[in-house]
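Work through the exercises below with the model open. Try each task before reading its solution.

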Amino acid sequence: MKPIGNNILVRPDEMAAEHKGIFLPKLARKPNFKGTIISTGKGIYKSPMEFKEGDYILYDSATPVSEDLVIISQKNILGTFVKWYPKY
């Protein structure tokens, strides 16, 4: 699937099945709003795409496309995670 316009295809991180040793069924798990961008649209007029494939992001809301993929709008992305290496 190739998203169009300002849409982005994301593979969310797995939700934790256990919490402090207690198994949680799927319905009791909190939704996970972190994931990796799989594919992006080209953006729209006056709003070019700011993200690229492989970016690890934090997002607000999503629409499920399949069991392991969701589609979101660029405006629903809250931020990206960057790798930080301390200097020693």
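Three exercises follow, on salt bridges and a surface patch.

This is a predicted model: local features need pLDDT of at least 70, side-chain atom pairs count only at pLDDT 80 or more, and totals for chains, interfaces and linings use all residues. Residues are numbered from 1 along each chain as its sequence is written, and side-chain values use heavy atoms, with hydrogens and water left out.

**Exercise 1.** Find how many salt bridges the structure holds, and examine the one between D68 and R11.

Solution.
- Apply the criterion: a side-chain nitrogen of Lys or Arg within 4 Å of a carboxyl oxygen of Asp or Glu.
- The structure holds 2 such pairs.
- In the D68 and R11 pair, the closest N and O atoms are 4.0 Å apart.
- D68 sits in the loop between strand 8 (63-64) and strand 9 (70-73), and R11 in strand 1 (residues 7-12), so the bridge ties together parts 57 residues apart in sequence. Strands are DSSP runs (E, at least two residues), numbered from the N terminus.

**Exercise 2.** Classify D55 and K52 as buried or exposed.

Solution.
- Set the classes: buried is under 20% relative accessible area, exposed over 50%, partly exposed in between (1.4 Å probe, protein chains only).
- D55 has 14%, so D55 is buried.
- K52 has 54%, so K52 is exposed.
- Their side chains meet in a salt bridge, 3.1 Å from N to O.

**Exercise 3.** Identify which residues make the nonpolar surface patch, then place L78.

Solution.
- F33, L58, L78 and F81 make a patch of about 360 Å². Nonpolar patches join Val, Leu, Ile, Met, Phe, Trp or Tyr side chains within 5 Å, from residues with over 30% relative accessible area and no salt bridge.
- L78 is in strand 10 (residues 77-80).
- L78 has 59% relative accessibility, so L78 is exposed.

Terms used
Patches are made of residues with over 30% relative accessible area and no salt bridge: like charges are joined within 9 Å, nonpolar side chains (Val, Leu, Ile, Met, Phe, Trp, Tyr) within 5 Å. Accessible areas come from the Shrake-Rupley method with a 1.4 Å probe; for residues, only the protein chains shown count as cover. Helices (H or I, at least four residues) and strands (E, at least two) are DSSP runs, numbered from the N terminus.
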